[in-house]
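Thanks for coming. I have one structure to walk through today, so let me put it on the screen.

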Amino acid sequence: MVDPLLMRVLIASLLSGVLVGISSPLLTLAKTLLTGLSMIHNVLAGGILAVYLYYVCGVSIPMIYIALMYVITVAILTAELVERGYPPDTAASVMIAISSAITVVLSYFVAIKSSIAIAQAWSLVVGTSSIVTISDISLLIVATTVVGVLVLFFRREIIYIAFDELGARSMGLNVRLYRYVLYTVIAILAITLTMTIGIIAAHITIAAPGALALQLSRRKYTQLSVLIALIITLGGYVFAYITYLPPSGGLGIFAAATLILSELLKVKR
Amino acid sequence: MKFHGIKLKDVTVIFNSKIRALENVSIELKSPFYAIVMGPNGAGKTTLLKVIAGLLRPDKGYINVYGYVPYRDKGPVSKLVSYVPQLIQVDESIPLLVKDIVLMGLLSARKAPRIAFKEDYEYVDKILKVLEIDRCKECLFSELSGGLKQRVMIARALVRKPKLLLLDEPFSMLDFHMKCELAELLYRLYSEMGVDILIVAHEVSPCVPFEPLVILLNKRVYAVGKAHEVLRPEILRKVYPGTMEFKNLIVLGEDHG
């Protein structure tokens with residue numbers, strides 16, 4: 001009989017592979033990969049805000065909801081800054097600076113009230129990948145479904161805006177709305193991966209599949225991205241499980257191996 | 001009664017509260033028209049197109065495009081007017097197929113979710129044939145030559161069945177033969193399909209055989225008329241001070257002249 005933990009690990013890696021695989025090329029094409037990676041850092045501020053509301057203000061809403069609302073708000077504010085002419089990197093940096101300030105200030109107040117509260121917030125970004133829980137799998141199922149629907153319905157427009165933003169505006173496309181959708185996808189991706197596989201593994205998996213797939217094929221890159229993401233997550237997790245490595249180590253090794261393999265394939269072609 | 005054409009009166013556009021891109025520009029183009037706006041770098045040619053397309057709101061003045069105020073009535077104007085931007089504004093690293101680019105032109109006129117049906121693909125094929133690029137429909141945009149890229153962008157605009165095509169520097173990066181072919185194609189769209197054409201270009205010579213209306217612009221309008229009326233050294237010198245005249249040749253005194 002298959003070890004239940006291994007089964008949960010396999011399901012989690014399969015779901016995170018699909019989630020990353022479908023969204024990563026979109027982030028690469030829309031030149032928002034750095035925004036995606038930086039968005040991960042806003043998750044901690046969301047966690048700190050949640051524990052602050054609980055310990056200082058007495059508001060008991062599950063941490064994940066507050067963190068999710070916070071990260072989506074930050075994502076939409078970042079999108080609005082881009083819409084108002086800020087380069088995406090600058091907009092993301094400004095929002096990270098604000099989030100960092102919130103983290104530091106609220107941490108101070110939380111630490112006065114409770115010695116374990118800060119650790120609770122940190123658990124949000126460290127992830128629980130070595131002990132994948134049923135709630136992690138539920139979160140992955142919901143996130144993959146929501147992101148899948150958003151990507152399915154709005155992918156065409158988002159790519160088109162990346163191709164010719166001025167033309168898209170002149171054709172009457174609501175560029176602001178699609179930018180909000182894209183950044184919301186980034187926010188959901190960031191918080192889901194951070195909470196389930198941890199901040200380090202999230203960094204590894206967000207960028208690699210889309211970027212590598214686009215290097216290998218200009219036509220079938222979405223399918224290729226899903227395949228690469230599955231190789232990284234499934235391979236990485238199973239490797240980590242067998243060798244008793246931390247999952248982020250396994251994912252990192254597989255991401256590096258995929259990069260080398262794709263470069264070799266490119267050379268052969 | 002709705003005005004059928006483009007009317008601008010004393011239109012002024014100021015960037016960052018100090019840089020005047022357009023100054024009291026007044027133009028009236030009654031449909032049908034095949035017109036070309038020429039002027040030196042920084043003359044406000046692209047700004048003029050953006051104002052007409054509703055992408056920019058003028059700081060001063062009145063504008064009417066087929067009975068609508070573009071910056072206010074964006075919905076109706078985006079259906080009537082198709083804007084073809086400069087190729088340098090397009091990100092060619094995005095791997096889009098020719099047919100998908102043209103299809104998006106068609107679908108963008110609809111509400112989301114934009115699902116393409118069989119008849120949409122058939123209509124796209126028809127437009128690609130009109131522009132003689134049907135053989136490239138499965139090609140990536142980045143794989144095409146400059147002339148074909150320009151045709152794809154025109155196909156994307158044309159698929160929306162616009163009343164007016166606004167083209168920003170369509171002749172840039174093309175050799176002279178291709179420029180002439182493109183000018184002829186645009187003339188066919190005007191004469192056979194009834195599409196009004198407004199081109200912004202440094203070079204008017206490819207269009208001259210089709211007797212376009214020439215608008216000489218350098219922040220304000222210096223002359224409007226047929227090519228033989230405007231392309232005269234004494235008029236051109238107002239905008240291009242280095243203009244020199246040789247037998248059957250006028251040199252405007254700048255690189256792209």
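I will go through a sheet, two helices, two single residues and a chain contact.

A caution first: this is a predicted model.

Let me start with the sheet in chain B. It is an open sheet of six strands with mixed pairing, and the order is E5-E6-E7-E3-E8-E9. The edges are strand E5, residues 81-84, and strand E9, residues 220-226. Each of those has a single partner strand, so one side of each has no neighbour in the sheet. From one strand to the next, the twist averages 15°.

Inside that order, look at strand E3 of chain B, residues 34-38, and strand E8 of chain B, residues 213-218. The two run parallel, and four bridges join them. As a marker for that pairing, Val37(B) stands opposite Ile215(B) in E8(B).

What lies across the sheet strands? Helix H6 of chain B, residues 176-193, lies across E3, strand E6 (164-168) and strand E7 (196-200) of chain B. The angle between H6 and E7(B) is about 155°.

Now helix H4 of chain B, which covers residues 118-130. It has 13 residues, and from first C-alpha to last it reaches 19 Å, close to the 18 Å expected at 1.5 Å a residue. Which residues of H4(B) are buried? They are Val124(B), Ile127(B) and Leu128(B). Seen down the axis of H4(B), the buried residues fall within an arc of 100°, so they line one face of the helix. The general background is that an α-helix has 3.6 residues a turn, so residues three or four places apart point the same way. On the other side of H4(B) we have Lys118(B), Glu119(B), Glu122(B) and Lys126(B), which are exposed.

As for what covers the buried residues of H4(B), that includes helix H3 (98-107) and helix H5 (146-158) of chain B. After H4(B) comes Glu132(B), whose phi is positive, near 60°.

Since H5 has come up, here is one residue from it: Leu148(B) lies in helix H5 of chain B. Is Leu148(B) buried or partly exposed? The cut-off for buried is 20 or more other C-beta atoms within 10 Å. Leu148(B) has 19 C-beta neighbours inside 10 Å, so it counts as partly exposed. Leaving aside neighbours within four places in sequence, Leu148(B) is in contact with Ile133(B) and Cys136(B).

The other residue to look at is Pro162(B), in the loop between H5 and E6 of chain B. Pro162(B) has 20 other C-beta atoms within 10 Å, and therefore it is buried. Beyond four places in sequence, its contacts are Leu80(B), Val81(B), Ser82(B), Ala157(B) and Val195(B). Compare Met173(B): that residue is eleven residues from Pro162(B) in sequence, and the two are 25 Å apart in space, C-alpha to C-alpha.

Last, the contact between the chains. Chain B gives 20 residues and chain A gives 18 residues. On the chain B side, the elements that give two or more residues are helix H2 (74-80) and H3 of chain B. The largest share there, three residues, comes from H2(B). By class, the side of chain B that touches chain A has twelve nonpolar, five polar and three charged residues.

That is the end of my tour.

Definitions and conventions. Residues are numbered from 1 along each chain as its sequence is written. Chains are lettered from A and ligands numbered from 1 in the order in which they are written. This is a predicted model: local features need pLDDT of at least 70, side-chain atom pairs count only at pLDDT 80 or more; totals for chains, interfaces and linings use all residues. The expected span of a helix is 1.5 Å times one less than its number of residues. A residue is buried if 20 or more other C-beta atoms lie within 10 Å of its own, exposed if 12 or fewer, and partly exposed in between; C-beta atoms are placed from the backbone. The arc is that of the directions from the helix axis to the C-beta atoms. Two residues are in contact if their C-beta atoms, placed from the backbone, lie within 7 Å. Ala, Val, Leu, Ile, Met, Phe, Trp, Tyr, Cys and Pro count as nonpolar, Asp, Glu, Lys and Arg as charged, and the others, Gly among them, as polar. Two strands pair if DSSP finds at least two bridges between them. Axes are lines fitted to C-alpha atoms, for helices over the stretch in contact, and angles run from 0 to 180 degrees between N-to-C directions.
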